[in-house]
Amino acid sequence: MYYILKREDLRPWLEAINREYTLFVPRTRDGFGPYEGELYLEGKTRLSAKEFFLPWREPLLVYEARPGALPKVVEGPAEQRVVFGVRPCDARGVILIEKVFSPDPFWQKRREATSLIGLVCEEPGTECFCWAMGVNPFSGEGLDLVLVPHEEVYLVKVITEAGKKLLSLSRAAEGGEEAFLSREKEFKAKFPVSPALEKLREKDLMTIYEAPFWEELALPCLNCGACTFLCPTCYCFDVQDEVVGSEGVRVRLPEACMFELYSRHASGHNPRRSPMARFRNRFMHKFKYFLDEYGEPLCVGCGRCNEECPANINLWDVVRAMSEV
Amino acid sequence: MSTLTEKIREAAQKVLAEGLAEVVLGYTQGSLPYRNRVTAVNTPEETSRLIWPSFGVLNPANVLHKLKGKKVALISPGCVSRAVVVLCQEGQVKRDEVYLLGVPCPGMLDPSKVRDLGKKILRVEDDFKEKVLVVTSEGEKIVAREELLRQNCLECRHPTPPVYDELLEGEARKPSPSPYQKVEEIEAREVSARWQWFQEAVVSRCIRCYACRNACPLCYCPTCFVDDSRPQWVGKTRDPVDTALYHLVRAYHLAGRCVDCGSCEAACPMDIPLRLLTKKLEKEALSAFSFESGLDPEAPLLLTTFREEDPEDFMITQELKALGKI
């Protein structure tokens with residue numbers, strides 16, 4: 001089902017959603033927040049929409065810190081939320097993470113309680129390459145609704161029943177299918193999938209792993225967590241016990257494979273002690289292990305890493321080296 | 001091609017050919033017009049990769065630990081030279097294991113300031129003197145260099161390296177007459193307003209990626225206090241208490257050591273004004289002890305030196321003495 005929403009009708013629609021649900025929007029370039037009037041639509045936010053599903057602190061269970069006490073599992077979050085302005089790359093990131101996280105009850109609860117309204121970009125950003133990773137921003141994958149800015153209007157495609165219900169709060173009128181489909185066709189013709197992916201699929205894992213280029217490419221890398229925390233598909237986590245007095249909370253939090261502590265064992269042994277080994281792991285995970293396991297790369301081409309990496313590590317330098325070794 | 005780039009390539013070739021160093025650390029063009037990358041050059045042929053950057057915002061001295069055992073030459077503007085000097089003073093690097101190819105620094109441009117000039121930045125041409133031509137998707141802009149300089153370069157007191165093995169010819173920026181203006185703006189506020197600034201500008205926006213720590217050439221503890229797990233000193237989430245503690249300890253660890261190269265701030269993916277914390281400590285060291293870091297590899301370190309005339313007005317007993325209580 002396709003609809004047309006006038007640009008001036010966007011705000012009243014958001015106000016209407018906000019009256020019935022808890023609405024989150026991209027507020028500034030930094031990221032999303034509760035809707036209070038501020039709206040950042042000029043490009044993607046620095047922090048991706050994955051923050052809604054893998055929050056920086058997810059309590060898993062609470063316990064009394066004394067011998068013999070049994071822990072209590074925390075009831076996951078249940079508040080119904082609507083998130084507007086999710087870029088299709090970020091939505092695709094949620095789908096990719098879900099391949100791993102689908103059995104997790106906390107993930108499930110957050111997914112069930114959250115509706116996502118997608119917004120296709122006016123034009124690709126400087127470092128965007130979603131198409132190269134096989135993302136079709138018009139597909140609406142992972143979303144309930146998808147909006148395409150088009151001349152004076154938004155073309156809207158309804159993906160789910162929940163999306164249809166949300167759209168009924170707006171003044172959108174049926175129509176726009178032709179324009180939507182031609183925009184989609186135009187995009188696909190102009191922006192092809194990267195041939196590197198096919199090469200990576202065929203390459204022997206150990207050949208890439210043992211290739212000599214890693215040392216050189218990893219040299220400038222700071223092994224900080226900027227890329228992993230900004231990445232809409234990085235999902236590695238840590239579990240910590242926070243104990244104050246006799247009360248303990250076990251929490252899950254985002255962690256980065258770039259950190260030495262992440263792979264350090266309790267014995268003190270660390271299989272990825274060297275900075276290069278950690279650098280290699282991040283790219284091997286995204287473009288070989290995940291690709292072999294799930295058939296798709298763990299990357300949606302949002303380009304945040306390329307844009308924000310302090311050391312100017314460029315993903316394509318690595319992907320090219322991996323696919324051509 | 002800028003002449004400084006030519007001079008650097010020539011000097012690097014000579015250094016490698018004459019065996020003055022096995023590796024040259026410097027900058028090369030990055031993947032975006034407003035990014036440069038640190039690079040290591042091992043042969044005279046590879047020196048064609050080296051450039052004098054407009055956006056050399058990370059300190060290559062930070063990479064020295066990865067090249068242990070090799071004699072390394074560094075393309076060194078003031079802040080790179082000073083970071084190496086502190087590393088020498090602290091016993092991390094031996095002075096004769098590094099070769100400092102000094103460059104009188106005209107200051108680097110701030111990638112964020114350039115990025116904000118248009119939707120897409122296509123090309124940047126820097127004359128390293130007065131003007132920068134920025135070609136954007138919307139057209140061309142000529143901007144005064146002064147307007148695009150990084151804040152730490154605007155506040156730099158030592159654009160010319162104080163210590164070097166060889167100094168290339170060139171014109172450095174004049175040392176800043178007012179290096180602490182931004183710090184003073186914050187200092188002028190009430191205590192509660194300063195705390196609020198710290199919470200809003202720094203703590204609430206930090207994602208704990210540790211890019212600031214990892215980019216710092218002087219953060220080299222084998223295990224950082226935030227990574228200690230037995231015992232764990234700091235919580236690992238983005239809880240404001242833990243994040244505040246991280247930033248305060250990080251800054252204090254640099255008291256009397258920071259050379260204000262600005263790598264921390266440049267590395268921050270959230271553009272947090274981190275330098276203000278270390279700049280404040282730099283100001284304290286200067287006003288209380290007339291001390292500036294990284295000027296002489298033979299000089300003692302500020303925090304390991306005691307002089308009888310050192311001011312003690314920050315000690316609690318001084319206050320009590322003034323009140324006649326002891």
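The exercises below work through chains A and B of a predicted model, from overall dimensions down to single residues.

Residues are numbered from 1 along each chain as its sequence is written, and chains are lettered from A in the order in which they are written. Because the model is predicted, local features need pLDDT of at least 70 and side-chain atom pairs count only at pLDDT 80 or more, while totals for chains, interfaces and linings use all residues.

**Exercise 1. Compare the radius of gyration of chain A with that of a compact globule.**

Solution. Start from the rule, which is 2.2 Å times the number of residues to the power 0.38, with the radius taken over C-alpha atoms. For 325 residues a compact globule would have a radius of gyration near 20 Å, and the 21 Å of chain A agrees with this. Next, take the box along the principal axes, which for the C-alpha atoms of chain A is roughly 65 × 55 × 30 Å. Finally, consider burial, where a residue is buried if 20 or more other C-beta atoms lie within 10 Å of its own, exposed if 12 or fewer, and partly exposed in between, with C-beta atoms placed from the backbone. Buried residues make up 42% of the 325 residues in chain A.

**Exercise 2. Describe the domains of chain A and the contact between them.**

Solution. The domain assignment, with bounds that come from an automatic or database source, gives domain 1 (2–54 + 65–191) and domain 2 (197–324). Their centres, taken over C-alpha atoms, are separated by 26 Å. For the contact, two residues count if their C-beta atoms, placed from the backbone, lie within 7 Å; on this basis 29 residues come from domain 1 and 23 residues from domain 2.

**Exercise 3. Decide whether A:Val100 is buried, exposed or partly exposed.**

Solution. First locate the residue: A:Val100 lies in helix α2 (residues 88–101) of chain A, helices being DSSP runs of H or I with at least four residues, and strands runs of E with at least two, numbered from the N terminus. Then count: A:Val100 is partly exposed because it has 15 C-beta neighbours inside 10 Å. Lastly, look along the chain, where A:Phe290 is 190 residues apart from A:Val100, although their C-alpha atoms are separated by 9.9 Å.

**Exercise 4. Trace the order of the open sheet of 5 strands in chain B and examine β4(B) within it.**

Solution. Strands pair if DSSP finds at least two bridges between them, and the order is β2-β1-β3-β4-β8, with mixed pairing. The edge strands, each pairing on one side only, are β2 (36–41) and β8 (166–167). Moving inward, β1 (residues 23–29) runs parallel to β3(B) and is joined to it by 3 bridges, whereas 5 bridges join β3 (residues 72–76) to β4(B), again in parallel. Within β4 (residues 98–102), 5 of its 5 residues are buried: B:Val98, B:Leu100 and B:Gly102 point one way, and B:Tyr99 and B:Leu101 the other.

**Exercise 5. Identify which residues touch the most other members of the largest nonpolar core.**

Solution. Such a core is a set of buried Ala, Val, Leu, Ile, Met, Phe, Trp, Tyr and Cys residues joined through C-beta atoms within 7 Å. Of its 166 residues, the answer is A:Val156, B:Leu74 and B:Val84. Helix α2 (residues 78–89) of chain B gives the largest share, 8 residues. Leaving aside neighbours within four places in sequence, the contacts of B:Leu74 include B:Val84, B:Val98, B:Leu100 and B:Leu101.
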